[in-house]
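Biologist: Before we begin, please place the model in view. I should like to go through its sheet, its cores and its aromatic rings in turn.

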Amino acid sequence: MASLVLGCEVTPQQIAYGETNCVHCQMTVSDSRFGAEVVTTKGKAYFFDSAECLASYLQANPEKQQDAELVLVTDFSKPNQLIDVKRAAFLQSKNLPSPMGMFLSAFPDKAKAEEYQQKLDGRVLTWEQAMLAVEKNDRPY
């Protein structure tokens, strides 16, 4: 008898905006320009209402970062489209509020973030720099 081996493919999960709560702050994830998620190596998804909640959660729970297969943020320029935080560029601008008040918006690359920066001012950050800004509560005002 042949045995069937089923692989567990880890994939991003659709964020149910307006229906799911942020794992970190418990607020309803409602703005499709700012959502984020972590998918574990076992395929369990955790949802966040913003990049700053994602950063705070990972800082407070380093074991979750080690267990994360995917760490994703929503591309501000394409709502509902998730991108890997390592590839993303973040714009922190006082002219572009985000749900938790750190003024962080994610973009698919530095060029797109700089395009928005030209209109809105602010500073372009990597994920590591965004994590540090959240840790230090470094706001753009």
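Modeller: This is a predicted model. A starting point is Phe 90, whose bridge partner in β7 is Leu 125.

Biologist: Which residue is the bridge partner of Phe 90 in β6?

Modeller: Strand β5 covers residues 89–92 and is joined to β7 by three bridges, the two strands running antiparallel. With β6, β5 pairs in the antiparallel sense over four bridges. In β6, the bridge partner of Phe 90 is Ala 106.

Biologist: What is the order of the strands in the open sheet of three strands?

Modeller: The edge strands are β6 and β7, each of which pairs on one side only. Between β5 and β7, Leu 91 stands opposite Val 124. The pairing in this open sheet is antiparallel, and the order is β6-β5-β7.

Biologist: At about what angle does α4 run to β7?

Modeller: Neighbouring strands of the sheet are turned by 30° against each other on average, with direction ignored. Helix α4 lies across β5, β6 and β7. Its angle to β7 is about 110°.

Biologist: Are the residues on the two faces of β5 buried or exposed?

Modeller: In a regular strand the side chains alternate between the two faces of the sheet. On one side of β5 stand Ala 89 and Leu 91, and on the other Phe 90 and Gln 92. Both faces are covered, and these four residues are all buried.

Biologist: Which element supplies the largest share of the largest nonpolar core?

Modeller: The largest nonpolar core has 36 residues, and Val 38, Phe 48, Leu 54, Leu 58, Val 73, Phe 90 and Trp 127 have the most contacts inside it. At least two residues each come from β1, β2, α1, β3, β6 and α4. The largest share, six residues, comes from α1.

Biologist: How many residues does the other core have?

Modeller: That core lies apart from the largest one. Among its residues are Phe 34, Phe 76, Ala 89 and Phe 107. Its count is nine residues.

Biologist: Which residues do ring pairs link into a cluster?

Modeller: With ring centres within 6.5 Å as the criterion, the count comes to seven aromatic pairs. The cluster linked by ring pairs consists of Phe 34, Phe 76, Phe 107 and Tyr 116.

Biologist: At what distance from the ring centre of Tyr 116 does Lys 119 lie?

Modeller: Lys 44 lies over the face of Tyr 46, at 5.0 Å from the ring centre. Lys 119 lies over the face of Tyr 116, and its distance from the ring centre is 4.7 Å.

Methods
Residues numbered from 1 in each chain as written. Predicted model: local features only at pLDDT ≥ 70, side-chain atom pairs only at ≥ 80, totals over all residues. Heavy atoms only, no water. Core = buried A, V, L, I, M, F, W, Y, C linked by side-chain atoms within 4.5 Å. Buried < 20%, exposed > 50% of the residue type's maximum accessible area, 1.4 Å probe, protein only. Pairing = 2+ DSSP bridges. Axes fitted to C-alpha atoms, helices over the stretch in contact; angles between N-to-C directions. Contact = heavy atoms within 4.5 Å. Phe/Tyr/Trp six-rings, centres within 6.5 Å; stacked < 30°, edge-to-face > 60°. Lys NZ or Arg CZ within 6 Å of the ring centre and 35° of its normal.
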